[in-house]
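Please examine the sequence and the three-dimensional model below. The paragraphs that follow lead through the surroundings of the ligand and then through the strands and their pairing.

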Amino acid sequence: MDNNTVYDLVGIGIGPFNLSLAALLEDTPEVNSLFFDQKPHFDWHPGMLIVGTRLQVPFMADLVTLADPTNRYSFLNYLAQKNRLYPFYFLQRLDIPRREYNDYCKWVESELNNCCFGKKVVELEYLEHDELYTVTVEDIETEDRIRYQCKNLVLGTGTNPALPEAFKGFPSENVFHTSEFLDRQDRCREAKSVTVVGSGQSAAEAFRELLKDRMKYDYKLTWITRSRSFFSMEESKLTVEQFSPDYVNYFYRFPQEKKDEIFATQDLLYKGISSHTITDIYNLLYENSVSNEEINVDLQVLTEVNGIKEKGNTYEISCRQWEQDLNFTHESDVVIVGTGYRPNVPAFIKDLSDYISWDDKGRYEVEHDYRVRVSIPNQIYVQSGISHSHGVGSTNLGLAVHRNKIIINHLLGREKYPIYDKYVFQNFDAEKF
Ligand SMILES: Cc1cc2nc3c(=O)[nH]c(=O)nc-3n(C[C@H](O)[C@H](O)[C@H](O)COP(=O)(O)OP(=O)(O)OC[C@H]3O[C@@H](n4cnc5c(N)ncnc54)[C@H](O)[C@@H]3O)c2cc1C
């Protein structure tokens, strides 16, 4: 079955990045848009919406404010509509609860007419003669397929949990990625031992929650990381200016090889743990140790996990302290894997492969204004999988809004949103010194 409208833009995936674009496009009637997501409704990393976790950027990085503070989909207007402005005013915080950010996004989505959920994009085709894309969308419940036509696409398919091979093939209630943490929390509560592997923010948040729960459920808790320490993320004000349009512009101009080299040195900007999470964990460890009782919690650094195998009702984890070159095993009923996420570049993008320029590592080449480099007149704008081209800030919520200003300006062929040369205090580019 075909839908007869020709859309100016079809969006694939409705995470915060495309939701921001969908919201900003509402007052851009010149662009007729439609967005699809395979989930039944908007939900932002639901397995990690742990009570007490916070957004790692100020609430101004909502879906619209950094493009247009007067837009009705601002976080402050959400509060006003829910009659929560006074509690927020007295809260006096910039870093809102992660659960509240999710609720805010759900509110925005419920107000928009251009977002469809429960619809999975399964195929793309380019009609050379008509200069249009065909997007095949499958209804998740009925499996019915409808084809939509559009002039341009925007990919916002986000990331997928990265589960290394060594952890695959085990019952998912016992060995799972941090992205499933809340769904499996009850399983942890009935286990005799739980092990968290990895020391990024998600692993730390899971560990903190398990540490709180431990006082009641009394399992043995272990935290293992290959890193030299449970290091904290660089969060100082001048450092986070690297999550600015200025830094994106600076980074973008380098040749790809140099970009890969720079990116490889930027771990501290996104891979560590927020210092407030580390403080919470330390306070909980201290609390656990009151009365000098055996606290039954182990933290092991400098140690990689090489494999895991079933041993009766539990799992034997093979570990290696790499600095000492010392191998040992550790047993645990539950293993939680905090090995991060990787870009979700959907297989169907290969349907358009012949039109796309790929780099020698198989990544699409992306123009400065977020268009995949293509040999046809119709654009594929891209929000996901662009760290290689646009740098470390590509997954940052605040920068996504700036990116959407650029995408909308390009779609319109005029500067609806002004773009400035300089946004932050420091210079990256010595030519501008
Ligand atoms: C736990 C966690 C917390 C984070 N916290 C912060 C933070 O505080 N601050 C910050 O700046 N960044 C944060 N990030 C990083 C980043 O902001 C988020 O990953 C954000 O969700 C990225 O948005 P997105 O729109 O690219 O993708 P996602 O939120 O991953 O959404 C992608 C969507 O695409 C859909 N999709 C995929 N394929 C298809 C298809 N074929 N058809 C239809 N739909 C499809 C998926 O269902 C999904 O809903 C966090 C990341 C994680 C994992």
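By class, the shell around the ligand consists of 12 nonpolar, 12 polar and four charged residues. The model is a predicted one. The ligand has 28 residues around it, of which Asp 37, Trp 44, Gln 56, Val 121 and Leu 397 come nearest. Several elements contribute to this shell: helix H1 (16-25), strand E2 (33-37) and strand E4 (119-127) each supply at least two residues. The most is given by E4, with three residues.

The polar contacts of the ligand involve both side-chain and backbone atoms of the protein. A polar side-chain atom of Trp 44, one of the residues that come nearest to the ligand, lies 2.8 Å from an oxygen atom of the ligand. On the backbone, a polar atom of Pro 16 is 3.3 Å from a ligand oxygen atom, and an N or O atom of Gly 156 lies 3.5 Å from an oxygen atom of the ligand. Taken on its own, the ligand has 980 Å² of accessible area, and the protein covers 90% of this.

Strand E4, which gives the most to the ligand shell, also takes part in a hairpin with E5. Eight bridges join E4 to strand E5 (residues 132-139), and the two run antiparallel. Within this pairing, Leu 124 has Val 135 in E5 as its bridge partner. Four residues lie between the strands of the hairpin, and Glu 131 takes a positive phi near 50°.

The next topic is how strands assemble into sheets. Strands of a sheet pair through backbone hydrogen bonds, in either a parallel or an antiparallel manner. Both manners of pairing are found in the sheets described below.

The parallel case is an open sheet of five strands, in the order E8-E15-E9-E10-E11. Strand E8 (175-177) and strand E11 (297-300) are its edge strands, each pairing on one side only. On average, neighbouring strands of this sheet are turned by 15° against each other, direction ignored. Inside the sheet, strand E9 (residues 193-197) and strand E15 (residues 334-337) run parallel and are joined by four bridges; Val 194 stands opposite Val 334 in E15. Helix H6 (residues 201-217) packs on the sheet and touches E9, strand E10 (220-224), E11 and E15. The direction of H6 makes about 165° with that of E10.

The antiparallel case is an open sheet of three strands, in the order E12-E13-E14. Which strands form its edges? They are strand E12 (303-311) and strand E14 (326-332), each of which pairs on one side only. From one strand to the next, the twist averages 25°. Strand E13 (residues 314-321) pairs with E14 in the antiparallel sense over seven bridges, and Ser 318 stands opposite Thr 329 in E14.

Technical notes:
Residues numbered from 1 in each chain as written. Predicted model: local features only at pLDDT ≥ 70, side-chain atom pairs only at ≥ 80, totals over all residues. Heavy atoms only, no water. Near = heavy atom within 4 Å. Polar contact = N/O pair within 3.5 Å; in protein donor to acceptor, adjacent residues only side chain to side chain. Areas by Shrake-Rupley, 256 points an atom, 1.4 Å probe, with all protein chains shown as cover. Nonpolar A, V, L, I, M, F, W, Y, C, P; charged D, E, K, R; others polar. Pairing = 2+ DSSP bridges. Axes fitted to C-alpha atoms, helices over the stretch in contact; angles between N-to-C directions. Contact = heavy atoms within 4.5 Å.
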